[in-house]
Amino acid sequence: MTRALWKGSLTFGLVNIPIELHTAVRDHRPRFRMLHAKDKSPVRFERVCIRDGHPVAWQDLVKGFEYEKGRFVVITKEDFQAAAVEKTRTVDILDFVKAEEIDDRFFETPYYLVPAKGGERAYVLLRAAIRESGRIGIAKFILRDAQHLAAVEVIQNAIVLTVMRFADELVDTAQFEFPGEKDVRKPELEMAKALVNSLAAGWDAAKYTDQYRENLMRIIQAKLKGKEVELEAGEEPRQAEVIDLMERLRRSLAQSGGGARGARRSQAEPPSQAANRRTKRPAKKRPRRAA
């Protein structure tokens, strides 16, 4: 088992469960350092004062908030301590909400909550209760001196804590102009629905791989052996205006293998019947991207 990032307890009501926080995601992409092209030596980046051009030692650095362009207010260690909320070692579940009510944009980074010694029985009980309820716990906790909002849900046999964004961190869609649907033509809509149905598939995470990372690693491994790798360049799509949308939809449908059969099925089947025929999706949403 990996080393715990955080140790504390998970609380709801008067129940207190000792837990450990472990990362639930990993970054496989290769990391690079900047080198001097002449001798391939790593380059060190210095902290240089913009005004006098001299290097600045760590002990001479302070943190500042830029309230206007080029104007700062200095924030001291004491200021940060005064702003900090009480440093508890608990994940406090405040509410249990319906999973489908949470916008996916709130989800950020997932972690596994693993029971510490003595907390196994209570952990299993909470896991079963959350699973049976179909709800997600909304909690607050302190990590690295900052308070975070979090979702607590059950995925397989694990209780998963996902750091969430606060409401004021989301950009309101009202700031953008999205097109309405008043100009949607029924034949185009039926063709587009047929294309969607022709690409329908079951979720298989292993099916989607990071081709960019794979190509980079092939190049790196080849260079270590003194060889060169020739990768087939992908065809760059032409940035052309779509003149005949129906024709583009027909071509896409033909390439996907749906053909006229998918179009006929979409046109013949009322939306209500199609919805009833589909397998009902679970209500629970899953956290997305993680860092």
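A salt bridge here is a side-chain nitrogen of Lys or Arg within 4 Å of a carboxyl oxygen of Asp or Glu. Lys7 and Glu20 make one of these, with their side chains 4.0 Å apart, N to O. What you're looking at is a predicted model, and it holds 7 salt bridges. Here's a quick tour, starting with the strands around that pair and ending in the nonpolar interior.

**The first strands**

- Strand β1 covers residues 6-12 and strand β2 covers residues 15-23; the two pair up in the antiparallel sense, over 7 bridges.
- The hairpin they form has 2 residues between the strands, and Gly13 has a positive phi there, near 65°.
- Across this pairing, Lys7 sits opposite Glu20 of β2.
- β1 also has a partner in strand β5 (residues 90-98), this time in the parallel sense and over 3 bridges.
- If you want a spot to find that second pairing, look at Ser9, whose bridge partner in β5 is Thr90.

**Salt bridges to look at**

- Back to Lys7 and Glu20: their side chains meet in a salt bridge. That ties together distant parts of the chain, with Lys7 in strand β1 and Glu20 in strand β2, 13 residues apart.
- Glu20 has a relative accessible area of 18%, so it counts as buried.
- Asp210 and Arg29 also join their side chains in a salt bridge, at 2.8 Å from N to O. This one spans 181 residues: Asp210 is in the loop between α3 (186-198) and α4 (211-224), while Arg29 is in the loop between β2 and β3 (63-68).
- Neither end of that pair is buried: Asp210 is partly exposed at 27% relative accessible area, and Arg29 is partly exposed at 44%.
- Another salt bridge brings the side chains of Arg71 and Glu68 together at 3.8 Å, N to O. Arg71 is partly exposed, with 46% relative accessible area, and Glu68 is partly exposed too, with 45%.

**A charged residue without a salt bridge**

- What is the nearest side chain of opposite charge to Arg127, which is buried yet has no salt bridge? That would be Glu132, and it is 10 Å away.
- Salt bridges are counted within 4 Å, so at 10 Å Glu132 doesn't make one with Arg127.
- Arg127 belongs to helix α2, which runs over residues 120-133.
- Its side chain does have a polar atom 2.8 Å from the backbone oxygen of Asn157.
- Leaving out residues up to four places away in sequence, Arg127 touches Val154, Asn157 and Ile159.

**The nonpolar interior**

- In soluble globular proteins, nonpolar side chains tend to be buried together.
- The largest nonpolar core in this model has 21 residues, and those with the most contacts inside it are Leu10, Val91, Phe141, Val152 and Leu161.
- Plenty of elements chip in: β1, β2, β5, β6 (107-115), α2, β7 (135-143), β8 (146-155) and β9 (158-164) each supply at least two residues of this core.
- Phe141 is a handy residue to click on. Not counting neighbours within four places in sequence, its contacts include Leu21, Thr90, Val91, Ala146, His148, Leu161 and Val163.
- Apart from the largest core there is another one, of 8 residues, and among them are Ile102, Phe107, Ile138 and Ala151.

Definitions and conventions
Residues numbered from 1 in each chain as written. Predicted model: local features only at pLDDT ≥ 70, side-chain atom pairs only at ≥ 80, totals over all residues. Heavy atoms only, no water. Pairing = 2+ DSSP bridges. Helix = DSSP H or I, 4+ residues; strand = E, 2+ residues; numbered from the N terminus. Buried < 20%, exposed > 50% of the residue type's maximum accessible area, 1.4 Å probe, protein only. Lys, Arg positive; Asp, Glu negative; His and termini not counted. Polar contact = N/O pair within 3.5 Å; in protein donor to acceptor, adjacent residues only side chain to side chain. Contact = heavy atoms within 4.5 Å. Core = buried A, V, L, I, M, F, W, Y, C linked by side-chain atoms within 4.5 Å.
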